[in-house]
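Work through the exercises below with the sequence and the structure open. Each task is followed by its solution in steps.

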Amino acid sequence: MTIYRSLASRNPDAFQPDLAMSLINLGNKLSDLGRRAEALKATEEAVQLNRGLTSRNPDAFQPDLAMSLSDLGIRLSNLGRREEALKAAEEAVTLYRGLAARNPDAFQPNLARSLNNLGNKLSELGRRAEALKATEEAVQLNRSLAACNPDAFQPNLALSLNNLGNMLSDLGWREEALKAAEEAVTLYRGLAARNPDAFLPNFALSLNNLGCRLSDLGWQKEALKAAEAAVQLRRDLVERNPDAFQPDLAMSLYNLGSRLSEVGRGQEALKAVNEAVTLYRGLAERNPDAFQPDLAMSLDNLGSRLSDLGQSQEALKAAEEAVTLYRSLVARNPDAFQPDLAGSLDNLGSTLGDLGQWEEALEAAEEAVTLYRSLASRNSDKFQPDLAYSLNNLGSRLSDLDRHESALLSVSEAIDRLWPFFLRFPSSFEGNAGVILGHLEHLHTALDRPLPSEVRERIEALKRLESS
């Protein structure tokens with residue numbers, strides 16, 4: 001980097017392109033270390049250099065500008081700056097479309113990758129239908145590329161199918177999501193058989209995703225089998241290269257804990273999540289910037305598993321540590337971590353409620369609602385459903401204190417906020433809509449009041465969906 005800066009200062013025309021590329025590489029390395037702000041700074045400088053180069057010679061440097069914009073979108077997203085990330089991703093797609101129109105063989109692969117990134121950015125903003133459209137286009141491009149050159153493009157197709165499964169799942173299209181995940185697993189299985197060193201990590205990731213998609217459909221035993229296979233693959237990878245694959249093993253253990261919990265194997269679920277927490281602790285001690293978020297996430301999960309087993313005091317300790325970690329992360333980067341803090345506070349409120357600490361539980365639930373209100377005011381598509389769930393939790397905490405009138409107001413607001421999302425994406429939101437409507441029925445019964453006609457109509461709409 002220092003050498004390229006010196007060379008570029010003496011001969012910009014010759015060495016600015018090399019400086020820009022070295023800045024892109026630096027951004028990637030800093031991002032891998034969790035040094036998000038520094039990674040962004042390096043990538044922004046690369047984009048600025050490439051803009052200048054493109055203005056003087058578009059044909060030569062538009063590809064470099066498009067690549068650096070794709071990286072910029074990822075860097076901004078990692079810092080929670082989602083709208084700016086989307087803008088960068090959209091510009092990258094626009095550039096690659098133009099390039100692919102003039103030279104399809106050279107730039108269709110880049111266009112497909114940029115569409116994958118665009119889908120992820122749209123999904124982060126809650127724009128589910130648009131995210132699906134971008135990801136489907138990426139899959140279509142990668143299919144045509146893989147048909148012509150399987151060895152080169154099957155990995156790209158498998159990656160985009162993994163993303164497609166996630167997008168379809170977000171829309172509640174569970175069967176279609178499973179089909180995409182299964183195809184990704186089939187492709188990665190073949191790739192890993194031919195080149196284990198290159199593709200076993202991707203195969204393990206696809207099995208993780210497959211487990212989630214099977215779980216979404218209620219196929220818990222099959223989901224557990226996929227999760228166990230992912231863990232075993234990643235244990236083997238860790239034996240060969242601990243530094244590279246311990247984070248992936250920790251994530252697979254996190255998912256395995258959820259799958260074991262779903263089949264009622266609570267003690268084994270707790271053991272898996274405890275191992276994930278232990279791994280993330282070690283990783284976070286060596287690199288706090290990169291792994292504190294994962295440690296906090298795993299502690300939240302640990303609290304849930306302990307709570308499932310009735311170990312409420314231990315669950316509280318895990319939940320409190322998760323909240324403490326998220327508070328420190330929010331202090332450094334509010335945009336990226338406020339949503340996680342809000343979710344963690346909801347979990348803390350539930351755990352405190354289990355212990356009969358009603359006032360403290362209410363305080364945590366109120367803070368969670370306040371955070372989600374702020375988030376939903378800035379991005380309704382993404383965070384209004386979370387606000388609805390948090391309002392429903394607040395209703396439970398208020399009921400614990402016999403404040404049924406306030407609870408009714410909170411839960412009524414919850415269904416009012418969720419209902420438009422249920423109408424747009426019924427498969428995605430029917431489960432949570434049913435929980436909130438059931439809560440409303442219970443509160444009206446407790447207050448000896450008839451159900452309002454609008455609530456009755458919503459209950460009937462949900463029943464019609466369930467019976468169709």
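**Exercise 1.** With which residue does R127 form a salt bridge?

Solution. This is a predicted model, and the exercises apply to it as such. Step 1: the partner is E130, and the closest N and O atoms of the pair are 2.8 Å apart. Step 2: check the surroundings of each side chain. R127 has a relative accessible area of 25% and is therefore partly exposed. E130 is also partly exposed, at 39%.

**Exercise 2.** Find the distance, N to O, at which the side chains of E268 and R265 meet, and classify both residues by exposure.

Solution. Step 1: the two side chains form a salt bridge at 2.7 Å, N to O. Step 2: the relative accessible area of E268 is 39%, which makes E268 partly exposed. Step 3: R265, with 32%, is partly exposed.

**Exercise 3.** Which parts of the chain does the salt bridge between E405 and R449 tie together?

Solution. Step 1: confirm the bridge. The closest N and O atoms of E405 and R449 are 2.1 Å apart. Step 2: locate the residues. E405 belongs to helix 19 (residues 404-424), while R449 sits in the loop between helix 20 (426-446) and helix 21 (453-467), so the bridge links parts 44 residues apart in sequence. Step 3: relative accessibility is 41% for E405, hence partly exposed, and 35% for R449, hence partly exposed. Step 4: look for shared partners elsewhere. R373, E413 and R417 are joined into one network by such salt bridges. The count of salt bridges comes to 22.

**Exercise 4.** R75 is a charged residue in helix 4 (residues 58-78). Is R75 buried or exposed, and what is the nearest side chain of opposite charge?

Solution. Step 1: R75 is buried. Step 2: the nearest side chain of opposite charge is that of D71, 4.5 Å away. Step 3: a salt bridge needs the nitrogen within 4 Å of the carboxyl oxygen, and R75 has no salt bridge. Step 4: list the contacts, leaving aside neighbours within four places in sequence. R75 touches G27, N28, S31, A39, L40 and T43.

**Exercise 5.** Test whether the end-to-end distance of helix 9 agrees with its number of residues, then find what its buried residues pack against.

Solution. Step 1: helix 9 covers residues 174-194, which is 21 residues, and at 1.5 Å a residue it should span 30 Å. Step 2: its end C-alpha atoms lie 31 Å apart, in agreement with that value. Step 3: the buried residues of helix 9 include A177, L178, A184, Y188 and L191. Step 4: the buried residues of helix 9 pack against helix 8 (150-170) and helix 10 (196-216).

Definitions and conventions: Residues numbered from 1 in each chain as written. Predicted model: local features only at pLDDT ≥ 70, side-chain atom pairs only at ≥ 80, totals over all residues. Heavy atoms only, no water. Helix = DSSP H or I, 4+ residues; strand = E, 2+ residues; numbered from the N terminus. Expected span 1.5 Å × (residues − 1). Buried < 20%, exposed > 50% of the residue type's maximum accessible area, 1.4 Å probe, protein only. Contact = heavy atoms within 4.5 Å. Lys, Arg positive; Asp, Glu negative; His and termini not counted.
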